[in-house]
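Trainee: I have the sequence and the model open. Can we work through them together, one feature at a time?

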Amino acid sequence: MDRKTITTILSWRTLMNSYIESTKSSIAPAYAVYARFSKETTLHGLKHTVTRNLHPLERLLWFVLTLSAFAGAVYCGLNQFSRYSSEPVVVSLQRDYRGWWSTFPAITVCFQERVNPELARNEIERIWNITEYTNLDLFQYYYGFIEQVADVSFRTNLQNFWKYQSDDTVKDVDLLKLARAVYPNVTLDVNVSQINKKVQWIQVMTEEGLCHTLNSVYAEYQFLRQEDEWIQQELLKCHYHSGQCYLMINTAANVARYFVHSPFDIATAISNPTGEVMPNEELHIDYKVVEIQAATRVKTLTPEQRRCRYPDEWLSNSIKAYSFGLCQMHCRNRMAIMFCGCRPYFHIKGDGDVCDAHGMACIGRNVEILINLPKNLAKCSCLPQCSELNYYSHTKKVLVRCKGQGEIDEVFLRLNGFVSSKPMLPIGLDVGILGITAYFITRLKKADPTNVAQIFGPDPWSKESELHPEKVVKCIAHRGASLDAPENTMQAFKYCVDRDCNFVELDVRSSRDGHLVLLHDEGLGRLTGTEINNVHVMDWDEIKNIDIGANHPNRQQFKEVHLCLLDDALKYLLANDVRVIIDVKGEDKEVVEGIVKAFSDQPTLHQRAVVTSFNPFVLYRIRHKNPKIVGAMSYRPYCFSAQDYDAENGPSNPRFGGNMLVQGALRLADWVHARAWRLCARWCGVSAVLLHKDIVHPSEVQYWRSRGVRCAGWSVNRPLEKLYWRGVLRAPYLASTLLGEPDVSILLVVTLYYIVLPLELVLPLVLVLPLEILPIELVLPL
């Protein structure tokens, strides 16, 4: 090293020492104040940061801990302040003994018969110039269209508009005007406890079709006669000291449904009817009324803080009011415009153009979304009213009257008390924060969506499924099509491959020596007729040569069928490009480790196989060891207390049926399981759920689809059930038979179904049942 380099280094060190000394002298006064404060303060830990006999690292640790504690205190304080700002209202209940007047509820009556045949004939002749004498088929076709328009309902038949989506002869028909033109002339007699009070029925158009309502303030937004000026009538009220308050309606010989709701709300698609009155029946209902009033100061808060809205907080310029029902109607109106570019004709008030028959067909295709209003699509939050009336029925009875006396719907209202809410500071501490924290900390992430798509194909509702329908998974062979071939065997899998089925489901459990055996039950009694009740206590060599096809219906075709191992089955299925659902039946350590080892030995399984289980803890242990595995949760009701379940018979073949105490405990476990399994599925990070077919409906499929989880059902074996899963639910299904597959057979079922449908009720029973039970070769000649 030369002299010049040494001089440079010494100069640099001298400069750094000078800079350090200068910095120390600059901060010395501030440090002195900090040291004096730290020695005298009662803040625990701060004094250790200035104790000189401690190691610098120890002093630094105390400083970090003290700073972290201070930061945590500030965070908690800001969090409490934020909570107060967002939820400053606590509801308190108290009786108001000074107010003794109660308002009658609004009553909306919807008749079952809404088409006058003579008026319908006149409209068909006027619009289409058709009579039943000139063209009977066309007359009946247009008569059905009129019935669809007049009897429209979000609940039942809105989907049926698809029949007219390509018919230009009904395209420009004013649907609302048509419904009014064919509506029969009905009378409703009303008697109220206020003898001198005159009651007037108002004809309204609701989401349940054309109805009548009384004592409603917000009927203005469903009022049919928009050409007339709306005149608000005085609401019916009853004084507590006046005795029994009642209202009696006589609907003569018409079958009617009643919706009882607040005068400051409307009946909507999600409103449950109070009752349906048949001819010669009386419906008696007693009500208690609870009034909710908000304190005056609550209005100064934002709607998000008070969690309610006032009537003068308008929904839009067309609906200058607010109620929960109006908000729901307004949200459906907006979503209908978003999906179809128009609003339903039964929404009298709203934005956008009114739908014709083609637009209603579009709305019918999206009816489940419009009813459920998913938050991620609707982007609207319907809060309750800050001041509202609630009516609760506590007695209800139906009496059958003598023939010819008509039917009466009697509603009795009794004042129970008032409820008020006052703003006050929130009290109490958060409960369950430890459990919630543990849930979110330990929750597993879902598998790679790319692997999920490679296994299940594109989402049936996506654009890709329309462009490449061949990639959409429709049918999965349940246990390798167990009705056609002995279940969970190589012969069953070869049967599926020969019939171009590229997706199978199989069950796995372990033997005593640790082999993973394909078997659904614990024992072999059902398959072989033997008394082997538990293969887990037997070695593989003891059971591998047992014929498990002895009791199968097709045993003449499949002779000497034996159990097979998971590894052998996976090698064969992967070699033939077949995707697999592995249903884990055992709960022991050997099964968990064996599944994980199978995926590690064959990495392509991550893109070709799904692991499912009824037990969330087994599935969690597997995915915790290998998070790349695509997981699925299986579920059916009463899985603890019963061995079998179907919608027609309910739970059957009970476990421990002779012990009532144990059976009661298992039923309690079923109750808890029914409410917790969705949380368990999300805790395991599942990418799919496999549900019993009898509990799956469109809203269940939509619930999981909105969370990015595929939904499949088992066991879907009848052709009409398969048609429902493919056409309505658009979800894959597990079938125990491949008869009726592929699409050509389903199309045959569709054709036969729609030919049979218009006939009398006896004919579908005669024609459809052979379709379900006969082989496909016998169905074709039909």
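Trainee: Between which two elements is the loop that holds Ser715?

Mentor: Keep in mind that this is a predicted model. The peptide bond from Trp714 to Ser715 is cis, with omega near -15°. Trp714 closes a strand that covers 710-714, and a helix covers 719-729. Ser715 is in the loop between β23 and α22.

Trainee: How many helices and strands does the protein chain have?

Mentor: The chain has 782 residues, and 46% of them count as buried. Its exposed surface comes to about 42,300 Å², with carbon and sulfur atoms supplying 56%. The secondary structure amounts to 25 helices and 24 strands.

Trainee: Of the contacts with a separation of 6 or more, what share joins residues 24 or more positions apart?

Mentor: Leu574 and Leu605 illustrate such a separation, being 31 residues apart in sequence. In space their C-alpha atoms are 8.1 Å apart. Across the chain, residues 24 or more positions apart account for 67% of those contacts.

Trainee: Which residues does Leu574 contact, beyond its neighbours within four places in sequence?

Mentor: Start with its place: Leu574 belongs to helix α17, residues 566-575. Set aside the neighbours within four places in sequence. The partners are then Gln602, Thr604, Leu605 and Arg608.

Trainee: Which residues touch the most other members of the largest nonpolar core?

Mentor: That core has 85 residues. Another core lies apart from it, with 76 residues, including Val517, Val618, Ile629 and Ala735. In the largest core, the residues touching the most other members are Phe145, Met205 and Tyr345.

Trainee: Take Met205. What does Met205 contact outside its neighbours within four places in sequence?

Mentor: One contact is Tyr345, which is also among the residues touching the most other core members. The list also includes Gln222. The others are Val152, Leu176, Ala179, Leu210, Leu224, Phe346 and Ile348.

Trainee: Is helix α7 mostly covered or mostly uncovered?

Mentor: Helix α7 covers residues 324-340 and reaches 24 Å from its first C-alpha to its last, close to the 24 Å expected. Its buried residues include Gly325, Leu326, His330, Arg332 and Cys340. With 12 of its 17 residues buried, α7 is mostly covered.

Trainee: What is phi of the residue that follows α7?

Mentor: The helix ends at residue 340. Next comes Gly341, with a positive phi. The value is near 80°.

Trainee: Asp500 is no glycine. What is its phi?

Mentor: Asp500 lies in the loop between α14 (490-498) and β15 (503-510). Asp500 has 71% relative accessible area, so it counts as exposed. Its phi is positive, near 60°.

Trainee: And Arg730: where is it found?

Mentor: Arg730 also has a positive phi, near 50°. At 33% relative accessibility, Arg730 is partly exposed. Its place is the loop between α22 and β24.

Trainee: Why are Lys597 and Asp601 separated by about one helical turn?

Mentor: An α-helix has 3.6 residues a turn, so residues three or four places apart point the same way. Lys597 and Asp601 form a salt bridge, with their closest N and O atoms 2.7 Å apart. Lys597 is exposed, at 51% relative accessible area. The separation is about one turn because they are 4 residues apart in helix α18.

Trainee: Is Asp583 buried or exposed?

Mentor: Asp583 meets Lys585 in a salt bridge, 3.1 Å from N to O. The cut-off for burial is under 20% relative accessible area. Asp583 has 5%, so it is buried.

Trainee: How many salt bridges does the whole structure hold?

Mentor: One joins Asp694 and Lys693, at 3.0 Å from N to O. Elsewhere, Arg479, Glu487, Asp507, Asp521 and Arg526 are linked in a network. The search of the whole structure gives 21.

Trainee: Last one. What is the accessible area of the nonpolar surface patch with Val74?

Mentor: Val74 lies in helix α2, residues 56-86, and is partly exposed at 38% relative accessibility. The patch also holds Leu57, Leu60, Phe63, Val64, Leu67, Phe70 and Leu78. Together they have about 790 Å².

Conventions
Residues are numbered from 1 along each chain as its sequence is written. This is a predicted model: local features need pLDDT of at least 70, side-chain atom pairs count only at pLDDT 80 or more; totals for chains, interfaces and linings use all residues. Side-chain values use heavy atoms; hydrogens and water are left out. Patches are made of residues with over 30% relative accessible area and no salt bridge: like charges are joined within 9 Å, nonpolar side chains (Val, Leu, Ile, Met, Phe, Trp, Tyr) within 5 Å. Accessible areas come from the Shrake-Rupley method with a 1.4 Å probe; for residues, only the protein chains shown count as cover. A salt bridge is a side-chain nitrogen of Lys or Arg within 4 Å of a carboxyl oxygen of Asp or Glu. Buried means under 20% relative accessible area, exposed over 50%, partly exposed in between (1.4 Å probe, protein chains only). A nonpolar core is a set of buried Ala, Val, Leu, Ile, Met, Phe, Trp, Tyr and Cys residues joined through side-chain atoms within 4.5 Å. Contact means heavy atoms within 4.5 Å. The expected span of a helix is 1.5 Å times one less than its number of residues.
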